[in-house]
Amino acid sequence: MKVLFISLGCDKNLVDSEYMLGNLAKHQFEVTDDESEADVIVINTCCFIHDAEEESIQTILEMSAWRAKGPCRALIVCGCLAQRDREEIMEEFPEVDAVLGTKSTEDIIDAVGRTLDGQKYESYQSLDKTEKHAAVRSISTGGHYAYLKIAEGCDRRCTYCVIPSIRGPYRSVPVEDLLSEAEELVLQGVKELILVAQETTWYGMDLYGERSLARLLRQLNEIDGICWIRLLYCYPEEIGDDLIDAIRDCEHVCHYIDLPIQHCNTQILKRMGRRTDKESILACIASLREKIPDIALRTTVICGFPGETDEQHKELLAFIDETEFDRLGAFCYSREENTIAAQFPDQIDEDTKLLWQEDVMELQSEVSLDKNEEMIGQRITVMIEGKVADENAYIGRSYRDAPDVDGYVFVETDKLLMSGDFVEVQITGAYEYDLIGKPAGG
């Protein structure tokens, strides 16, 4: 039987999808990307912000049409939207046969079996459920890199965020499970591990009583076959000297860190429920750059948070201009139901949010271009991602680039290269977000 799997939302959701795909493959299901030939369609949904929710609902509508006319015999909805809106999904989409919550990924085989027998099926496990290493996983990222989810849930309770209510409290995966999973991924050909969680810097606090990310990095660094280890979602207030030293000292840990600050104004940060302030963020950035001069810093900011003033927006622009993040993404504030911030007065109108977002990204494009132009003439290691169609050029990423969110390095060469190859490249040109180069030495 054939299954079509649609994974929406973040990379953490993608890991859940890969566990379910692995379980389906183990039970002799064939994966297809063609709706017209799928016996089973599974949608792993997202509802972190309004746009993600709309995408999930639209996808359910589109796949419901295939369920209604066949040959699809089972439509299964899982993930964050399924966790939050379970009753509404079953009521409003009669074509949906099964709904699985965020902690019910291991029930995918039972769900498929029941629905193929004509039954409706629902499964919602406790959000306090202990995290553990899954036995089977099918990598969907091309094989040369993979995400390693080191924890589930979140304890932060930021006023704009729905994640704690959908994913539950913070639960770290034991070190030994992560090392075992990493070794298995290397055996499958993975060369880059990208560590993810709602917050990676809080790793280990629930299991070991102390922040243990630095210790995990040092142990992962010892696994043969790993070339790059990349860190995402590091809260700046939790970045201590132990973590900075581990990034600096470990040969395979990329000099790259993603620290989502969301804003710089201390009053806005407080209203967001963030546990830091402007001075602390600046101190964290200064410490990272002092100890690791070539580190690439990525961040995200929210534009138009309730009560934000034009003056505070200009403060954010000045901060971005001063700190010169290597990578930065800006998002308009999304008013999510059942969050504290949704009840705040002084909600910002959508046009203003968009204008402020454009301000931020216009400034960042200038910062990024300046930084990229500084790279011209330098040599960097590039991991090949694929070939540019009809050109003697390849697409790759450097240690400065996380997949899907950062730029690319376009490598011009007549040589035959394969995805996952590492190539020393001399940079010859720069765009706002991408670089151009050729193999060093000809």
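Trainee: In which sense do strand β15 and strand β18 run, parallel or antiparallel?
Mentor: The model under discussion is predicted. In this model, β15 covers residues 379–387 and β18 covers residues 422–430. Five bridges join the two strands, and their directions are antiparallel.

Trainee: Which residue of β18 stands opposite Arg-379?
Mentor: Arg-379 belongs to β15, the strand of residues 379–387. Its opposite residue lies in β18. That residue is Gln-426.

Trainee: Which residue of the hairpin of β15 and β16 takes a positive phi?
Mentor: β16 spans residues 393–398 and pairs with β15 in the antiparallel sense over five bridges. Lys-387 of β15 stands opposite Tyr-394 in β16. Between the two strands of the hairpin there are five residues. The residue with a positive phi, near 65 degrees, is Asp-390.

Trainee: In what order do the strands of the open sheet lie?
Mentor: The open sheet has six strands, and their pairing is parallel. The strands at its edges, each pairing on one side only, are β2 (30–32) and β6 (121–123). Neighbouring strands are turned against each other by 20 degrees on average, direction ignored. The order is β2-β1-β3-β4-β5-β6.

Trainee: Which residue of β2 is the bridge partner of Leu-4?
Mentor: Strand β1, residues 2–7, is joined to β2 by three bridges, and the two run parallel. Leu-4 has its bridge partner in β2. The partner is Thr-32.

Trainee: What angle does the direction of helix α2 make with that of β3?
Mentor: Helix α2, residues 50–69, packs on the sheet and touches β1, β3 (40–45) and β4 (74–79). Its direction and that of β3 make an angle of about 175 degrees.

Trainee: At what angle to β4 does helix α5 run?
Mentor: Helix α5 consists of residues 108–116. It lies across β3, β4, β5 (98–100) and β6. Its angle to β4 is about 150 degrees.

Trainee: In the packing of helix α7 and helix α9, how far apart are the axes?
Mentor: α7 (residues 175–187) passes α9 (residues 213–220) in a right-handed crossing. Val-175, Leu-178, Leu-179 and Ala-182 of α7 meet Arg-215, Leu-216, Gln-219 and Leu-220 of α9. By class, the residues of this contact are six nonpolar, one polar and one charged. The helices pack at an angle of about 35 degrees, and the distance between their axes is 11 Å.

Trainee: Which element gives the most residues to the lining of the largest pocket?
Mentor: The largest pocket has a volume of about 1,300 Å³. Elements that each supply at least two residues of its lining are α1 (11–26), β7 (145–149), α6, β13 (296–303) and β14 (327–332). The element that gives the most, with four residues, is α1.

Trainee: How many residues of the lining of the largest pocket are nonpolar?
Mentor: The pocket is lined by 48 residues, and Cys-10, Lys-12, Phe-48, Tyr-233 and Phe-331 lie nearest its centre. Among the lining residues, nine are polar and 12 are charged. The nonpolar residues number 27.

Trainee: Which residues does Cys-161 touch, not counting those up to four places away in sequence?
Mentor: Cys-161 is placed in the loop between β8 (151–152) and α6 (163–167). One of its partners, Phe-48, is also among the residues nearest the centre of the largest pocket. The residues that Cys-161 touches are Phe-48 and Thr-339.

Definitions and conventions. Residues are numbered from 1 along each chain as its sequence is written. This is a predicted model: local features need pLDDT of at least 70, side-chain atom pairs count only at pLDDT 80 or more; totals for chains, interfaces and linings use all residues. Side-chain values use heavy atoms; hydrogens and water are left out. Contact means heavy atoms within 4.5 Å. Two strands pair if DSSP finds at least two bridges between them. On a 1 Å grid over the protein atoms alone, a cavity is a set of points where a 1.4 Å probe fits but cannot get out, and a pocket is an open set with protein on both sides within 12 Å along at least five of seven lines; lining residues have an atom within 4 Å of a point. Grid points are joined across faces, edges and corners, and a volume is the space filled by probe spheres set on the points. Ala, Val, Leu, Ile, Met, Phe, Trp, Tyr, Cys and Pro count as nonpolar, Asp, Glu, Lys and Arg as charged, and the others, Gly among them, as polar. Axes are lines fitted to C-alpha atoms, for helices over the stretch in contact, and angles run from 0 to 180 degrees between N-to-C directions. A crossing is left-handed if the near helix is turned anticlockwise from the far one by less than a right angle, and right-handed if clockwise.
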